[in-house]
Amino acid sequence: MRSRAVGYFRPGASWLHARNPLTKLLGLLWVLLAAFLLPPWALIGLAVGLVSAAWSAGLLGDLVRSLRIPALLFASILVVNAFFYPGAGERLIPIGPVGLSWDGIWFGVVSAGRIVVVFLAAVLFLFSTLPDDLLEGLVARGVNHRLAFVILSAVQLVPRLQTRAAAILDAQQARGLTVTGSLRTRVRAIVPLVGPIVLGSLIDVRERTFALEARAFGALPRRTAYRTVADPPTDRWLRAGLLFAIVAVFVLAFSGVLPR
Amino acid sequence: MTDAALAIEGLSVRYIGRREPALQDVSLEVAPGEIVGVAGRTGAGKSTLALVGGGFIPRVVRAKVDGRVHIGHVDALAATLPELAGKVGIVFSSPALQLSSSKPTVREELAFGLENLAVPRAEMDARIDSVLARLGIGHLAEREPLALSGGEQQRVAIASILVMGTSLLVLDEPTAQLDPAGTADVAALLGELAADGRAVLVAEHAAEVLRMAGECLVLDAGRVVGVGPPGVALGSSIAGRAGLRPPTLVTLAEAAGLPPAAAFDEERIAAALRRGRPTAPPEPTTTDLSVPTVRRAPVEPIEVRDVVHRYANGVEALRGVSLTVAPGEAVAIVGQNGSGKTTMVKHINGLLRPAAGRVSIGGADIAGRSVDAIAGQVGFVFQNPDDQLFHGRVDAEVGFGPRNLRLPADQVAALVEAALSLAGLVAERQTNPYDLGFSTRKLVALASVLAMEPPILVLDEPTTGQDGPGVERVGSIVDSWQAAGRTVIAITHDMEFAARHFGRVVVMRDGQLVLDGPPGEVFASDQTSLLASTGLVPPPAARIAARLRPFAAPADAAALLRLLAAG
């Protein structure tokens, strides 16, 4: 059972774990821009870079396992584009007005590739960053601590929901709810599964508000910090480099110097 | 103005949108070094009083409030968070939810409150260490809060409030979700805090906690119906009139003619009972609840053989468990949190599958059957009702299970009616389950499984959060289910509930069964040390009986008194 306290964090002592959360956040932003603005061949470089980073940080196994979750999404992006790409030139297998086309396959592969790369980068960020370090890092940069806490809660929301969803699935199946089988059966199972998640989350929010109030969260305009988040010179240089790289991506993407 | 840590005078509270007030004309004072207990039925206003005392009403929870409330010298009804921060702390029943749930260690969990009070970093560790040491949990400092046991978490939650310098501690059913060892832990802690000069206001059902109070307030429908030492307030004349069942020890002390001061003194109660010849109470009137008899599915034996279960993290939760349950048996499963009780019962309806061993119902291995296919045979009521409630009306929710069994509409309707009346929810049929309190939502969840008329009923901690009459209701349901020849298996932390309503008690420890027998034998004096090794103690009546003479352990006060009267 994974604990909820640390969200997706996988403890470690690698170079990636040691980076300041803001450096990693900036890196994530750069990967996002590069994946969508640069020509498709750049995706190969980004993917290789991310996989090597994960390998050197001892997170490759976790990263590969995490790909199981969105695998269906990637596959559907690929298939939908391959068959339904509008204005496709030559259709390999025409099916009425649509059909399998080279243009569609290419577009599907590129779209799925972009999302895979961004997904890998985001997961790597979550795996190597303790949510609390992110919070303190943001507050240290002048972000309002309430806003920072909202961001932190968002990062932790998914693992919390996963735990709850598993419990709800158990409880409804135990009342005879069938969740496998025909499409009709599956659709009918949605309300009994999603209903308690939504209603339970509302109760959860109320109780979490109580918990924060009881601990005087937000009582004073300023707060002190127990954790000190390391920000070595390497990180400052890295962030300067990343800012430059972000500008470079924009310049390269919109100047037309790169071959498409 | 007095020196009281909390002073409430003429308090009335009405929630927005409600016609009936939650509290009316309540006055109380809690002085430093004093524990004041609040007892009452579910809905009597205990939580509301705790929320006012903790400075949450009207600041966090909106309500119309009249009267005067002072926390220290601060007018709590007009105060802002900065004025109250660090002066009062409130602890709720669910420890996991009141921890910030983002901190990797207990130390940082405690630091969270200090950060919010802008305590300089250099002072934090000393303050944290001193509170941890005082609460005897220094060894937990570097552990992960959410990985701790319930009792440990509740200690951490209390520590996280105290570290802020709080001199007034308000607790709202702090032991509702704890096992017996955890409850004893919290009760002892409150005593230590009071001895330390803190003021404590605690709303509770558990007699183990209320007995620590110097004074107890009994609420009924929002009004104070009695105040006095626990031995008086919880006795038949005050608590009994407020619809509560007096604690077993208090009942025995009254029967023995002891003064209220001795109401929880087991030695004096035993001595007085030995001397006197108390009159036997009348035989209990059997509450005849009618169970649904629409499906009449056959009741089959359950066999769990050599079952081993490992979680994904490698922890072996069950280490070779074997248990045979004959049709029509009522089995209570007891043991500490983490002893494997829930893991074991989840194998009976296939929610968990054994790593080794087998589970069969009616002689057939259930390995190939899905959970929803077993649901008609094994009804399973979960600990948390909110994991299953999703309908806008109680009756629709209760009908969900029988509809899944694809029964004809008239049968579904008959089952829903029967289940609603069993659970005492007929008047609430049109209510939205989420407008009901937690303990009533638990009864809705129970009814929604009873409506499937399962020949085998499995309950995971059905009495959590129920007041005395609520526990009685669940007990009568168990009795009538079994009287109809059906099987009931329940996990419980309430030993008296186990002894009164179950013919067989199974004790678990570290993923194994360590004791199995009728309650009279399991709770008898010769098993006390084995029980203690599992963090359990026999129910109060059995403890008193053990001091008198070694006969089979009686389940409750009435049973003990009858034994004595018979000589």
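The following paragraphs describe the domains of chain A, its contact with chain B, and one helix that takes part in that contact, in a predicted model.

Chain A is assigned two domains. Domain 1 comprises residues 8-129 together with 230-260, while domain 2 covers 131-221. The C-alpha centres of domain 1 of chain A and domain 2 of chain A are separated by 27 Å. Where these two domains of chain A meet, seven residues of domain 1 are in contact with seven residues of domain 2. On the domain 1 side of this contact, five residues are nonpolar and two are polar, with no charged residue present.

The contact between the chains involves 45 residues of chain A and 61 residues of chain B. Within chain A, at least two residues of the side touching chain B come from each of α7 (131-140), α8 (145-173) and α10 (190-214). The greatest contribution to this side of chain A is that of α10(A), which gives 13 residues. By class, the side of chain A that touches chain B consists of 25 nonpolar, nine polar and eleven charged residues.

The helix α10(A) may be considered in its own right. Its 25 residues reach 36 Å from the first C-alpha to the last, close to the 36 Å expected at 1.5 Å a residue. Several positions in α10(A) are buried: A:P192, A:P196 and A:G200, and further along the helix A:F210, A:A211, A:E213 and A:A214. After α10(A) comes A:A216, which has a positive phi, near 60°.

Note on methods. Residues are numbered from 1 along each chain as its sequence is written. Chains are lettered from A and ligands numbered from 1 in the order in which they are written. This is a predicted model: local features need pLDDT of at least 70, side-chain atom pairs count only at pLDDT 80 or more; totals for chains, interfaces and linings use all residues. Domain bounds come from an automatic or database domain assignment. Ala, Val, Leu, Ile, Met, Phe, Trp, Tyr, Cys and Pro count as nonpolar, Asp, Glu, Lys and Arg as charged, and the others, Gly among them, as polar. Helices (H or I, at least four residues) and strands (E, at least two) are DSSP runs, numbered from the N terminus. The expected span of a helix is 1.5 Å times one less than its number of residues. A residue is buried if 20 or more other C-beta atoms lie within 10 Å of its own, exposed if 12 or fewer, and partly exposed in between; C-beta atoms are placed from the backbone.
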